[in-house]
Amino acid sequence: MRNLLITFLSLLCLAPIAWADSSYQTPEEFLNEIFAGKTPAPSMLWLTGEIRTATTTILGHEPHQFRVRYWEQGQRSAWILDEIGKEQPITTGLVVNNGQLERVRVLVFRESRGWEVKYPFFTDQFLQVGLTPDLSLDKQIDGISGATLSVRALTKLARLALYLHQQTPAARHDTP
């Protein structure tokens, strides 16, 4: 009986950890959906010089990688980016079309709180949002009580995807 009680209590302690890591869609499924089954080959954007400086400004910390993978078709690009909410990374798929966000989707949420950011009532606020010259979003994003750090993480990722899109060869080529 004692072993059963110890096992039960151990599982009870680990339960929040198991619930916290929720995968809603794989990156591959996201890209397949975005590009209607014809996902283009990935490209790489190196985070050096001015791009690294702007990325650091947007995130509020140095990026952990030296390059970012993205998928591009015409003026449309898709990004799979991670940012820490409170303690764990939130993996998010973002699509930029002609300099505005077309889609924001939480793919994997690993925190124990703040999971409300995965719902369309929150992510739909980012639709048709662009970036101002000072690297801010051109629309105010409403927060969610109890999910402040998750909201901040997704807002940073939205800004970052919009900025990085501007640095792609296709976006720079069409800039007057």
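Which helices and strands each supply at least two residues of the lining of the largest pocket? Helix 2 (27–34), helix 3 (49–59), strand 3, strand 4, strand 5 (89–97) and helix 5 (148–166) do. Keep that list at hand, and we will come back to the pocket after a walk through the fold.

**Before you click**

This is a predicted model, in which local features need pLDDT of at least 70 and side-chain atom pairs count only at pLDDT 80 or more, while totals for chains, interfaces and linings use all residues. Residues are numbered from 1 along each chain as its sequence is written, and side-chain values use heavy atoms, with hydrogens and water left out.

**Stop 1: the whole chain**

Start with a cartoon view. The chain has six helices and six strands; these are DSSP runs numbered from the N terminus, with H or I and at least four residues for helices, and E and at least two residues for strands. Following the sequence, you will meet the pattern α-β-α-β-α-β-β-β-β-α-α-α. Of the 176 residues, 41% count as buried. Here buried means under 20% relative accessible area, exposed means over 50%, and partly exposed is in between (1.4 Å probe, protein chains only).

**Stop 2: the sheet**

Now select the strands. All six form an open sheet in the order 1-6-5-4-3-2, with antiparallel pairing. Its edge strands are strand 1 (22–23) and strand 2, each of which pairs on one side only. Two strands count as paired if DSSP finds at least two bridges between them.

Begin at the strand 2 edge. Residues 42–46 (strand 2) pair with residues 67–73 (strand 3) in the antiparallel sense over five bridges. Select W46 and you will find R67 of strand 3 opposite.

Next, move on to strand 4 (residues 76–84), which runs antiparallel to strand 3 and is joined to strand 3 by four bridges. Try Y70, whose bridge partner in strand 4 is W79. These two strands form a hairpin with two residues between them, and G74 in the turn has a positive phi of about 65°.

On to strand 5: strand 4 pairs with strand 5 over nine bridges, again in the antiparallel sense. Pick I80 to see G93 of strand 5 standing opposite.

**Stop 3: the largest pocket**

Which residues should you select to find the centre of the largest pocket? Q65, V68, I80, L81 and D82 lie nearest the centre, out of 23 lining residues. The pocket holds about 410 Å³ of space. Strand 4 gives the largest share of the lining, five residues.

A word on how this was computed: on a 1 Å grid over the protein atoms alone, a pocket is an open set of points where a 1.4 Å probe fits, with protein on both sides within 12 Å along at least five of seven lines, and lining residues have an atom within 4 Å of a point. Grid points are joined across faces, edges and corners, and the volume is the space filled by probe spheres set on the points.

**Stop 4: salt bridges**

Switch on side chains. How many salt bridges does a search of the whole structure find? Five, where a salt bridge is a side-chain nitrogen of Lys or Arg within 4 Å of a carboxyl oxygen of Asp or Glu.

- Select E33 and R105: their closest N and O atoms are 3.0 Å apart. E33 lies in helix 2 and R105 in strand 6, so the pair ties together parts that are 72 residues apart in sequence. E33 is partly exposed at 39% relative accessibility, and R105 is partly exposed at 26%.
- Select R76 and E102: the closest N and O atoms of this salt bridge are 2.5 Å apart. R76 sits in strand 4 and E102 in strand 6, 26 residues apart. R76 is buried, with a relative accessible area of 17%, whereas E102 is partly exposed at 24%.
- Select K156 and E83: their side chains meet in a salt bridge at 4.0 Å, N to O. With K156 in helix 5 and E83 in strand 4, the pair ties together parts that are 73 residues apart in sequence. K156 is partly exposed at 23%, while E83 is buried at 6%.

Then add R103 to the view: salt bridges that share partners join E33, R103 and R105 into one network.

**Stop 5: W115**

Finish at W115, in the loop between strand 6 (100–109) and helix 4 (120–123). W115 is partly exposed, at 38% relative accessibility.
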